[in-house]
Amino acid sequence: MEITPSNNSCAYGQPGIFRGHVLFGNPRLAGYAWPLCEIRGNRPGARLCVSAGVHVNEVSGIEAAVRLQRLFDPETIQGSVSIIPLINQPALYKYSEYICPIDGKNINFTFPGGSDGTFSEALCDAIMNEWCAGADCYIDMHGGDLRENVSKFAIFQRTHNTELDALGRRMAMCFDAEIVVGLPVVHMEQPGRPPTGFARYGRLALMSEAGANGLLDEKAIAFHVEGVLNVARTLGILDTPLSEFRNTRTLCNDYLWIHCPLDGEFVPEVEPGDRVNKSQRLGTICNLFGETLADIIAPETGWLLWRMTHPSILKGAPVLAVAFEEEPARL
Ligand SMILES: [Zn+2]
């Protein structure tokens with residue numbers, strides 16, 4: 001990993017505010033430089049890594065990563081906060097939905113990746129093992145690509161390690177979320193999101209989601225910013241009190257994507273964050289004469305995690321997702 005400072009930067013690794021670029025060592029990633037801001041306190045402490053822009057249209061997360069750079073003072077914090085505001089550099093100015101245009105992969109489902117894999121796989125490996133080496137927590141912020149609206153939610157990975165699970169849950173609860181999803185253990189068998197890839201190695205990562213339609217939204221930006229600040233408070237980097245929680249932070253232990261049964265126009269009847277009941281109609285698929293072709297039905301009782309906002313949806317494409325509440329503990 002090669003780090004080059006900008007003109008207005010302290011030396012990398014020294015107390016102060018570093019601004020510059022990181023070039024990862026893997027030759028598969030040659031030709032790209034990632035903007036990096038790292039705030040290091042005078043006193044030692046935890047290390048928090050924060051990123052956004054894995055999906056370049058999810059701009060509320062990217063804007064939160066920019067604002068967070070001004071919210072840590074090296075004179076008062078303990079430890080360090082390292083921020084890469086835009087991970088998917090090959091997609092910048094291409095406005096690619098979901099994917100990295102070099103290999104067509106969704107970086108968000110490629111962790112832990114591998115150093116000898118494709119560009120996205122090499123990048124996930126570099127994020128985990130170079131930039132986030134030694135980090136106590138990594139947070140990747142998302143929310144609302146060009147055709148979708150997401151509820152305010154946070155994700156951690158459940159494992160067979162009760163200590164790591166408790167930590168992941170505690171940190172995910174730092175976000176003032178409508179829904180907190182603890183991904184089921186089975187996710188760790190496949191490449192996945194940062195929480196999944198990190199958990200495979202006994203490490204902690206979270207994802208936060210808020211936003212819609214590729215738009216800047218102050219409430220979504222504040223959700224990400226406050227959540228990250230609360231994680232920093234919980235890690236002891238900041239010594240200010242946790243911000244107030246207004247949402248339910250309903251703990252869910254799984255979710256299901258519902259796919260469109262045929263080509264058509266989606267007419268939704270629910271919004272992200274809504275409670276939905278088993279067998280409830282969540283919307284319909286119509287043709288361009290306004291005639292109903294099919295109903296979209298809730299498979300179980302739960303919460304609407306996100307939905308597509310562009311009506312035109314191809315057969316087999318995901319139209320929405322429902323998260324399922326954790327079973328109450330049996331006494
Ligand atoms: Zn995303």
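This report describes a zinc site, a buried threonine and a helix with its surroundings in a predicted model.

The zinc ion is held by His55 through ND1, by Glu58 through two OE entries, and by His142 through ND1, with distances of 2.1 to 2.6 Å. Along the chain these donors follow the spacing H-x2-E-x83-H. The angles that the four donor atoms subtend around the zinc ion run from 54 to 148 degrees, and the arrangement is therefore irregular, because a tetrahedral one would need all angles to lie between 85 and 135 degrees.

Two of the residues that coordinate the zinc ion, His55 and Glu58, appear in the table below together with Thr196, which belongs to helix α4 (residues 194–199).

| Residue | Relative accessible area | Class |
|---|---|---|
| His55 | 5% | buried |
| Glu58 | 2% | buried |
| Thr196 | 1% | buried |

These residues count as buried because the class takes in values under 20% relative accessible area. When residues up to four places away in sequence are set aside, Thr196 touches Gln157, Leu183, His187, Met188 and Gln190.

Helix α1 spans residues 59–68, and its buried residues are Ser60, Gly61, Ile62, Ala64, Ala65 and Leu68. In an α-helix there are 3.6 residues a turn, so residues three or four places apart point the same way. The cover over the buried residues of α1 includes the strands β4 (43–52), β5 (78–84), β6 (137–142) and β9 (205–212), and also the helix α5 (218–234).

Technical notes:
Residues are numbered from 1 along each chain as its sequence is written. This is a predicted model: local features need pLDDT of at least 70, side-chain atom pairs count only at pLDDT 80 or more; totals for chains, interfaces and linings use all residues. Side-chain values use heavy atoms; hydrogens and water are left out. Donors are N, O and S atoms within 2.8 Å of the metal (3.2 Å for Na, K and Ca); water is not among the atoms, so sites may look incomplete. Four donors count as tetrahedral if all angles lie between 85 and 135 degrees; four count as square planar and six as octahedral if opposite donors are over 155 degrees apart and all others between 65 and 115; anything else is irregular. Buried means under 20% relative accessible area, exposed over 50%, partly exposed in between (1.4 Å probe, protein chains only). Helices (H or I, at least four residues) and strands (E, at least two) are DSSP runs, numbered from the N terminus. Contact means heavy atoms within 4.5 Å.
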